[in-house]
Amino acid sequence: MTNAFAKDILTGLRAEQKHLPSKYFYDDNGSRIFQEIMNMPEYYLTDAEFEILSLQCKSIIDALQFSTPFNIVELGAGDGLKTFKLLEYLVKHNIEFNYVPIDISQEAMDMLSKRLKERLPGIHISPQVGDYFEILKKNKENDYPSLLLFLGSNIGNYLDDKAIELLQLFNNNMKKGDKLLIGIDLKKNPIVIRDAYDDKHGITKRFNLNLLLRINRELNADFRIDDFDFYCHYNPITGEVKSYIISLRDQSVELKAINETINFEYNELIWTELSKKYGLQEIQELAENSNFKLKTNFLDCKHFFSDSLWEKP
Ligand code: TRP
């Protein structure tokens, strides 16, 4: 089997505890539904981070203590909306920098550069499509200091070990003095978190079940969407939101493109996503465990979210 999607889906569905990789949520439909999630009033993450990057851009840039020009390398830039205020501040103040947004979607990168060039004439932008690490490796040979951006609480989607592994990989591909600004969702009143993930509009349910529709389409499968539901749970002690799809009956699903049949038991769970929330002490430990030095946590006014600035010592 050559197709990575088919391979990953099959591995997940054959496992003792079934699971599906959340990165596959984001096909064209999934990305559109995710936009709807971000627009829900309950999904506080987007607004909180936007507020930090809008109101505190001067403090963030001052804290870098960089000589100019420098690089801003954004991992998973997407539509780049959050970063806009920060870039706008730099352009307005004639601070010389090169913006390197990285994303797996060529289309997203084309749109982002077009929009930025219109809105911020004179900006230096070198969009890159592809694998983070290949691009980071190249960037390490660059003479100028770099700020890496890993925003949107992406890190919350990794299990503890995997998170540290990923951050160490970032670290290995940075130069001494380079900085990482990492968006991390904070522990808070559990009701606020529950409402953001278990939304009453049913958008998050649609977002999760859309992955089954994608499997139907791409692997010629026959998931009957009405026979599955969505469940999610926040544990305020561990800080983990876990999302699942539930099988509402004993059933089997054929994946015709790869000649496979998967059986589901009544009430069997398929784990789809982890969205981990951190306390400030845990952020400190995360930084240390991945060989960074924490400089400053930039919080929004409600203290819901942190953009945490780390240095490679
Ligand atoms: N990964 C994002 C997050 O952790 C997107 C997301 C929001 C999500 N709600 C979700 C992913 C529910 C899976 C299930 O916030």
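In which strand is the place of Ile270? The views below start with that residue and then move through the predicted model.

**View 1. Ile270 sits in strand β11.**
Ile270 has its place in strand β11, which covers residues 269-276. Is this residue buried or exposed? With a relative accessibility of 0%, Ile270 counts as buried, because buried means under 20%. Look around the side chain and you will find several partners from other parts of the chain: Ile270 is in contact with Leu13, Lys18, His19, Leu20, Phe228, Ser243, Tyr244, Ile245 and Phe264, when neighbours within four places in sequence are left aside. For a sense of scale, try Arg224: this residue and Ile270 are 46 residues apart along the chain, and their C-alpha atoms are separated by 15 Å.

**View 2. Twelve names to find: the residues around the ligand are Phe25, Tyr26, Phe34, Tyr43, Asn157, Tyr197, Thr204, Phe207, Asn208, Ser243, Glu273 and Ser275.**
Sorted by class, this shell has six nonpolar, five polar and one charged residues. Which element gives the largest share of the shell? That is α10, with three residues. Ser243, one of the residues around the ligand, is also among the contacts of Ile270 from the previous view.

**View 3. Polar atoms of Tyr43, Glu273 and Ser275 meet the ligand.**
In the side chain of Tyr43, an N or O atom is 2.5 Å from an oxygen atom of the ligand. Ser275 offers a similar view, with a side-chain N or O atom 2.7 Å from an oxygen atom of the ligand. For Glu273, the partner is a nitrogen atom of the ligand, and a polar side-chain atom of Glu273 lies 3.0 Å from that nitrogen. How much of the ligand's accessible area does the protein cover? On its own the ligand has 350 Å² of accessible area, and the protein covers 97% of that. Two or more residues of the shell come from each of the elements α10 (203-218) and β11.

**View 4. Aromatic rings gather into a cluster of Phe25, Tyr26, Phe34, Tyr43, Tyr197 and Phe207.**
These six names may look familiar, since Phe25, Tyr26, Phe34, Tyr43, Tyr197 and Phe207 also belong to the residues that surround the ligand. How many aromatic pairs does a search of the whole structure find? The search finds 19. Zoom in on Phe34 and Tyr43: their ring centres are 6.2 Å apart and their planes meet at 80°, so this pair is edge-to-face. Both Phe34 and Tyr43 are buried.

**View 5. Tyr231 and Tyr244 form a stacked aromatic pair.**
Here the centres of the rings are 6.3 Å apart, with 25° between the planes. Tyr231 belongs to strand β7 (residues 228-235) and Tyr244 to strand β8 (residues 240-247), so the pair ties together parts that are 13 residues apart in sequence. Now compare how the two residues are covered. Tyr231 counts as partly exposed at 39% relative accessibility, whereas Tyr244 counts as buried at 15%. Tyr244 also touches Ile270, the residue of the opening view.

**View 6. Val73 is a buried residue of strand β1.**
Strand β1 spans residues 70-75, and Val73 is found there. The relative accessible area of Val73 is 1%. Which residues does Val73 contact, apart from its neighbours within four places in sequence? They are Val100, Ile102, Leu136, Asn139, Leu147, Leu148 and Leu149. Take Leu136 from that list: Val73 and Leu136 are 63 residues apart in sequence, and 8.5 Å apart in space from C-alpha to C-alpha.

**View 7. Ser146 and Asn139 are joined by a polar contact between their side chains.**
This polar contact is 3.0 Å. Ser146 has its place in strand β5, residues 146-150, and counts as buried at 0% relative accessibility. Beyond its neighbours within four places in sequence, Ser146 is in contact with Phe66, Asn71, Asn139, Lys175, Asp178 and Lys179. Asn139 also appears among the contacts of Val73.

**View 8. Leu280 lies in helix α11.**
Helix α11 runs over residues 280-289. Leu280 is partly exposed, with a relative accessible area of 43%. Not counting residues up to four places away in sequence, Leu280 touches Leu186, Asn297 and Leu299.

Note on methods
Residues numbered from 1 in each chain as written. Predicted model: local features only at pLDDT ≥ 70, side-chain atom pairs only at ≥ 80, totals over all residues. Heavy atoms only, no water. Helix = DSSP H or I, 4+ residues; strand = E, 2+ residues; numbered from the N terminus. Buried < 20%, exposed > 50% of the residue type's maximum accessible area, 1.4 Å probe, protein only. Contact = heavy atoms within 4.5 Å. Near = heavy atom within 4 Å. Polar contact = N/O pair within 3.5 Å; in protein donor to acceptor, adjacent residues only side chain to side chain. Areas by Shrake-Rupley, 256 points an atom, 1.4 Å probe, with all protein chains shown as cover. Nonpolar A, V, L, I, M, F, W, Y, C, P; charged D, E, K, R; others polar. Phe/Tyr/Trp six-rings, centres within 6.5 Å; stacked < 30°, edge-to-face > 60°.
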